[in-house]
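Work through the exercises below with the sequence and the structure open beside you. Each task is followed by a solution that goes step by step.

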Amino acid sequence: MGLLSAPRAFVLASDPDVSPVDAMTLFSGVGRTTAQLGDGDDFAHVGGHVLLDPVSGRLLADVLPPWIHVQANLPAATTFRWLLDRLVEERTSDLPGAELASAQLAQLLFIQILRAHLAGAHCAGSGWLRALSDPRIAPALRLMHEDPARAWHLEDLAAACAMSRTTFADRFRTVAGVAPLAYLTQWRMRLAEQALRDEAGKSVALIARSVGYTSESAFSNAFKRVAGKSPKSYRDNNMHKRSLTQVKDI
């Protein structure tokens, strides 16, 4: 079982000397999701893709390696086999709700791959994904994620993790790669980006308050430091891109 988290070409072959066939040619056609080469009895390959939110999804995409391979001898492989068997059953059945069930099973596969990756010794380095899997730091992350508008202090977050301020700050920086309050600012700005992009009727002042800023100017300054442009410029730019997409679709 593997996960490609970056665009990368690959070839599946029964013999390295066989000329490959372009996959897009095989799957061309509206609604076509399966393809067969030869009698199809020797090998079966199941694949899919996960669409991440353009803004918040970057938090995940940026910390994943280009390729995650979960070996068949690992305990997690048993779960993968069960999910894959159910997925194949749903895709080949005519039962009501098969399409919805297939989508949910695919999401479970994605989650299980991430869990296996976090549990492995190969998940090194620092970042929010590693921090989420660290039982000593995770309570603070959950608090910041659940209530980003609260005026969190280092003492509050350290207490939630049953650590002193110094120990917590050092541990958080080591695991997450940034200081706790710097992480909070980054998380707030990701939420603000999403709101600016998806909630056109919501004023900048309201968005500022929703992520913990009582002053619109303070929010704008923080947003510009993180995103590289003002909230208004960010919103206008995304509205322009969306308009171009709609024109192209028409």
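**Exercise 1. Find the contacts of Tyr-183 and place this residue in its core.**

Begin at Tyr-183 and set aside its neighbours within four places in sequence; the residues then in contact with Tyr-183, with heavy atoms within 4.5 Å, are Trp-128, Leu-141, Met-144, His-145, Phe-172 and Val-178. The model used here is a predicted one, in which local features need pLDDT of at least 70 and side-chain atom pairs count only at pLDDT 80 or more, while totals for chains, interfaces and linings use all residues. Residues are numbered from 1 along each chain as its sequence is written, and side-chain values use heavy atoms, with hydrogens and water left out.

Next, look for nonpolar cores, that is, sets of buried Ala, Val, Leu, Ile, Met, Phe, Trp, Tyr and Cys residues joined through side-chain atoms within 4.5 Å. Here buried means under 20% relative accessible area, exposed means over 50%, and partly exposed is what lies in between, with a 1.4 Å probe and protein chains only. The largest core has 35 residues, and Tyr-183 is among those with the most contacts inside it, together with Leu-60, Ile-137, Leu-141, Met-144, Phe-168 and Phe-172.

Then ask which elements supply this core: α3 (76-92), α4 (98-119), α5, α6, α7, α8 and α9 each give two or more residues. Helices (H or I, at least four residues) and strands (E, at least two) are DSSP runs numbered from the N terminus. The largest share, 6 residues, comes from α4. Another core lies apart from this one and has 13 residues, including Ala-192, Leu-196, Tyr-213 and Phe-219.

**Exercise 2. State which residues of helix α6 are buried and what covers them.**

Helix α6 runs over residues 138-146, and its buried residues are Ala-138, Pro-139, Ala-140, Leu-141 and Met-144. Their cover includes α5 (128-132), α7 (154-160), α8 (165-176) and α9 (180-198). As a general background, nonpolar side chains in soluble globular proteins tend to be buried together.

**Exercise 3. Classify two aromatic pairs by their geometry.**

First fix the rule: rings of Phe, Tyr and Trp (its six-membered ring) pair if their centres lie within 6.5 Å, and planes under 30 degrees apart count as stacked, over 60 as edge-to-face and the rest as tilted. The structure holds 5 such pairs.

For Phe-168 and Phe-172, the ring centres are 5.7 Å apart and the planes stand at 55 degrees, so this pair is tilted. Both residues lie in helix α8, 4 residues apart, which is about one turn of the helix, and both are buried.

For Phe-223 and Tyr-234, the centres are 5.5 Å apart and the planes stand at 75 degrees, so this pair is edge-to-face. Phe-223 belongs to helix α11 (residues 216-227) and Tyr-234 to helix α12 (residues 231-249), so the pair ties together parts that are 11 residues apart in sequence. Phe-223 and Tyr-234 are both buried, and with Tyr-213 and Phe-219 they form one aromatic cluster.

**Exercise 4. Set out three salt bridges, with the exposure of each partner.**

A salt bridge is taken as a side-chain nitrogen of Lys or Arg within 4 Å of a carboxyl oxygen of Asp or Glu, and by this rule the count comes to 7.

- Glu-155 and Arg-165 meet at 3.1 Å, N to O, and the pair links distant parts of the chain, with Glu-155 in helix α7 and Arg-165 in helix α8, 10 residues apart. Glu-155 is partly exposed at a relative accessible area of 41%, and Arg-165 is partly exposed at 45%.
- Arg-190 and Glu-193 meet at 3.5 Å, N to O, and both lie in helix α9, 3 residues apart, about one turn of the helix. Arg-190 is buried with a relative accessible area of 17%, and Glu-193 is buried with 3%.
- Asp-198 pairs with Arg-197, the closest N and O atoms being 2.9 Å apart. Asp-198 is partly exposed at 41%, whereas Arg-197 is buried at 11%.

**Exercise 5. Describe the surroundings of Leu-191.**

Leu-191 has its place in helix α9 and is partly exposed, with a relative accessible area of 25%. Not counting residues up to four places away in sequence, Leu-191 touches Pro-148 and Val-211. Leu-191 and Val-211 are 20 residues apart in sequence, and their C-alpha atoms are 7.4 Å apart in space.
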